[in-house]
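Work through the exercises below with the structure open. Each task is followed by its solution in steps.

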Amino acid sequence: MNAGQDVQLDELDARLIQLLADEPRIGVLECSRRLGVARGTVQARLDKLVERRVIGGFGPDVSPAAIGFGVTSFVTLEISQRHGHDAVTAHLAAIPEVLEAHTITGSSDLLCRIVARSNTDLQRVIDQIVSYEGIRRASTIIALAEQIPYRVLPLVRSAAAPR
């Protein structure tokens, strides 16, 4: 399925996703009981949601701060075009503190979310990032407080609402 393809969600999909978000360890049988539908219906819905990449995983949601990485920052990178995105991405993927990286428009080429144990440790991570010759410039913004945590459930409910 293409990322741009419109995936339709209905109210049962939204309720199922909400239930799994609220109680990630819940089983299919208990989901079916709480949602008032057959176990096979829940399993079929889950399979479709996974196949369509609406649900990307069932793993634990780990808090970096809870495991000692209390500093979050966003780094924009300008890269040397002759090295390309793939080589820079491989370099970034080898750094555990780089949580995500996105190709962006504008004056920079990549936007990364990174974490560190302290501001001093953040400098070490940034130095590691910019040590690659394909990265020409980095600009860092330190997040002071998380106002809205990463979330998708309001979007799921909106997508499932009648249009």
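**Exercise 1.** Find the residue opposite Ser73 and place the pair in the sheet.

Solution. Ser73 stands opposite Ile142 in strand 4. Strand 1 (residues 71-79) and strand 4 run antiparallel and are joined by 8 bridges; strands are DSSP runs of E with at least two residues, helices runs of H or I with at least four, both numbered from the N terminus. Two strands pair if DSSP finds at least two bridges between them.

The model is predicted: local features need pLDDT of at least 70 and side-chain atom pairs pLDDT 80 or more, while totals for chains, interfaces and linings use all residues. Residues are numbered from 1 along each chain as its sequence is written, and side-chain values use heavy atoms, without hydrogens and water.

**Exercise 2.** Give the strand order of the open sheet and identify its edges.

Solution. The 4 strands follow the order 2-3-1-4 with antiparallel pairing. Strand 2 (98-103) and strand 4 (135-143) are the edges; each has a single partner strand, so one side of each lacks a neighbour in the sheet.

**Exercise 3.** Which strands does helix 5 touch?

Solution. Helix 5 (residues 119-130) packs on the sheet and touches strand 1, strand 2, strand 3 (110-116) and strand 4. Contact means heavy atoms within 4.5 Å. The direction of helix 5 makes about 140° with that of strand 3; axes are lines fitted to C-alpha atoms, for helices over the stretch in contact, and angles run from 0 to 180 degrees between N-to-C directions.

**Exercise 4.** State how many disulfides the structure holds.

Solution. The structure holds 0 disulfides, a disulfide being a pair of cysteine sulfur atoms within 2.5 Å.
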